[in-house]
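Q: I would like to learn how to read pockets and ring contacts. Where should we start?

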Amino acid sequence: MSEAQGVNPLLVRALIQVESGYKPRARSRKGAMGLMQLMPSTARAYNVRNPFEPKANIEAGIKHLKSLIDRFDGAVEKALAAYNAGTGAVDKFQGIPPYRETRNYVSKILSLANLR
């Protein structure tokens, strides 16, 4: 799935591990759902009817991640920060926001994907 979008599969696996611990029914306090923790608006944007269905969730999550990578001209760190904190935060700080959660999130995913 990820190769078709041009996204490193190790990056996707690491993101899933950090986001949901590979639990398809995971739900965050903020309302994110499924393996790649799609927010309801993201699920709607990618026409995901059931965000807890693994295949649909992963396909949409990969497309969303790819759109962020493209938006930030291939800067994976910024894309991951935007996946976590939103594009507005990355734009505002012109890079990874100074939020401990986001900085740890980016670092952990890059480390798990062996991209550090």
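A: Start with a definition. A helix here is a DSSP run of H or I, at least four residues long, numbered from the N terminus. Keep in mind that this is a predicted model.

Q: Which helix gives the most to the lining of the largest pocket?

A: Helix α7 does, with 5 residues. At least two lining residues each come from α2 (9-20), α4 (54-71), α5 (76-85) and α7 (100-112).

Q: How much space lies in the largest pocket?

A: First the general idea. Rolling a probe the size of a water molecule over the atoms shows where empty space is left. In this model, the largest pocket holds about 720 Å³. Its lining counts 26 residues. Nearest the centre lie Glu19, Lys30, Tyr83, Asn84 and Glu101. By class, the lining has 11 nonpolar, 10 polar and 5 charged residues.

Q: How many aromatic pairs does a search of the whole structure find?

A: The search finds 1. Phe93 and Tyr99 have ring centres 5.8 Å apart and planes at 85°, so they pair edge-to-face. Planes over 60 degrees apart earn that label.

Q: Are Phe93 and Tyr99 buried or exposed?

A: Partly exposed covers the range between 20% and 50% relative accessible area. Phe93 is partly exposed at 33%. Tyr99 is partly exposed too, at 35%.

Q: And Glu3: buried or exposed?

A: Glu3 is exposed, because its relative accessibility is 55% and the cut-off is over 50%. Glu3 belongs to helix α1 (residues 2-5).

Q: What lies over the face of Phe52?

A: Arg25 does, at 4.4 Å from the ring centre.

Technical notes: Residues are numbered from 1 along each chain as its sequence is written. This is a predicted model: local features need pLDDT of at least 70, side-chain atom pairs count only at pLDDT 80 or more; totals for chains, interfaces and linings use all residues. Side-chain values use heavy atoms; hydrogens and water are left out. Rings of Phe, Tyr and Trp (its six-membered ring) pair if their centres lie within 6.5 Å; planes under 30 degrees apart count as stacked, over 60 as edge-to-face and the rest as tilted. Buried means under 20% relative accessible area, exposed over 50%, partly exposed in between (1.4 Å probe, protein chains only). A charge sits over a ring if NZ of Lys or CZ of Arg is within 6 Å of the ring centre and within 35 degrees of the ring normal. On a 1 Å grid over the protein atoms alone, a cavity is a set of points where a 1.4 Å probe fits but cannot get out, and a pocket is an open set with protein on both sides within 12 Å along at least five of seven lines; lining residues have an atom within 4 Å of a point. Grid points are joined across faces, edges and corners, and a volume is the space filled by probe spheres set on the points. Ala, Val, Leu, Ile, Met, Phe, Trp, Tyr, Cys and Pro count as nonpolar, Asp, Glu, Lys and Arg as charged, and the others, Gly among them, as polar.
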